[in-house]
Amino acid sequence: MPDDLAGDATSALALTAFERDAETLDEDGFEKRHGHAFLLHEGELDPTRRAHRPQATLILSQGGLTSSSPPMPRPSRKVLVYPVKNTGRSPFPRIVTVGRTKNNDIVLADVSISKFHAFFKEEGGAFVLSDGESRNGTFVEGQRVPTSKQGKPVALTFGQTIKFGALTFRFVAAAELRTLVRHLT
């Protein structure tokens, strides 16, 4: 997915390409184009907890992919998709940052999320996660993730549950996301 999703029209085009790629590309091609790790959040983010407007995200729902910008009727199932990849917004090129402000690679607009909440790093083809001294913590499978000052980062495996503040995500590989997209569209 392009890193520079600026407006609704661009978002809609990127989402159409993402949906098309799930149907037309094999697993390797899909991964090369969109990255190989994603965070999935079931349901919408609570608008009463919104800190400010979030980044454009992918919303998978029964009936297809949609942009996060225009209002839409509530489908029976909705999944927010956040690619775990460097977007160039963060000043740290070797990590993927998670936080509330728009200078993070993954922007989560929720009051429980710190401005700079946590970060992913890819080491030898695998991802590790560290907390960024956040106010409400980062957890993998219910266990608190240490800050880089407190200890070693937590090694991640696909399928694990990750919680940033009050928001819960599932960490998935591109192949699983591709299958999900193909199933929902």
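This briefing describes the overall make-up, one sheet, the salt bridges and the nonpolar cores of the structure shown above. The model is a predicted one, and the protein in it has three helices and 13 strands. Of its 185 residues, 46% are buried, and the bullet points below go through the main features by topic.

**Overall make-up**

- The accessible surface of the protein comes to about 9,300 Å², and carbon and sulfur atoms account for 51% of that surface.
- Among the contacts in the protein with a separation of 6 or more, 52% are made by residues that lie 24 or more positions apart.

**An open sheet of five strands**

- Strands of a sheet pair through backbone hydrogen bonds, and they can do so in either a parallel or an antiparallel sense.
- In this structure five strands form an open sheet, in which the order is β6-β5-β7-β8-β11 and the pairing is mixed.
- The edges of the sheet are taken by β6 (106–107) and β11 (154–155), each of which has a single partner strand, so one side of each is left without a neighbour in the sheet.
- Within the sheet, strand β5 (residues 96–99) pairs with strand β7 (residues 118–123) in the antiparallel sense, over three bridges, and V98 stands opposite A118 in β7.

**Salt bridges**

- Side chains of opposite charge can pair when their charged atoms come close.
- A search of the whole structure finds four salt bridges, including one between R20 and D21, whose closest N and O atoms are 3.9 Å apart.
- D21 also meets the side chain of R33 in a salt bridge, with an N to O distance of 3.0 Å, and this pair links distant parts of the chain, since R33 is in helix α2 (residues 27–34) and D21 is in helix α1 (residues 8–24), twelve residues apart.
- The burial of these residues can be read from their relative accessible areas: D21 is buried at 2%, whereas R20 is partly exposed at 45% and R33 is partly exposed at 46%.
- Another salt bridge joins E133 and K149, with the closest N and O atoms 3.2 Å apart; this pair, too, links distant parts of the chain, with E133 in the loop between β8 (126–131) and β9 (138–140), and K149 in the loop between β10 (143–144) and β11, 16 residues apart.
- Both E133 and K149 are exposed, while R20, D21 and R33 are joined into one network by salt bridges that share partners.

**Nonpolar cores**

- In soluble globular proteins, nonpolar side chains tend to be buried together.
- The largest nonpolar core here has 23 residues, and the members that touch the most others are L39, F120 and F164.
- At least two residues of this core are supplied by each of β1 (37–42), β4 (78–83), β5, β7, β8, β12 (161–164) and β13 (167–173), and the largest share, three residues, comes from β13.
- When neighbours within four places in sequence are left aside, L39 is in contact with a list of residues that includes L80, V81, Y82, I106, F120, I162, F164, F169 and F171.
- Apart from this core lies another, of twelve residues, which has F30, V79, L177 and L180 among its members.

How values were computed: Residues are numbered from 1 along each chain as its sequence is written. This is a predicted model: local features need pLDDT of at least 70, side-chain atom pairs count only at pLDDT 80 or more; totals for chains, interfaces and linings use all residues. Side-chain values use heavy atoms; hydrogens and water are left out. Two strands pair if DSSP finds at least two bridges between them. Helices (H or I, at least four residues) and strands (E, at least two) are DSSP runs, numbered from the N terminus. Buried means under 20% relative accessible area, exposed over 50%, partly exposed in between (1.4 Å probe, protein chains only). Contact means heavy atoms within 4.5 Å. Accessible areas come from the Shrake-Rupley method with a 1.4 Å probe; for residues, only the protein chains shown count as cover. A nonpolar core is a set of buried Ala, Val, Leu, Ile, Met, Phe, Trp, Tyr and Cys residues joined through side-chain atoms within 4.5 Å.
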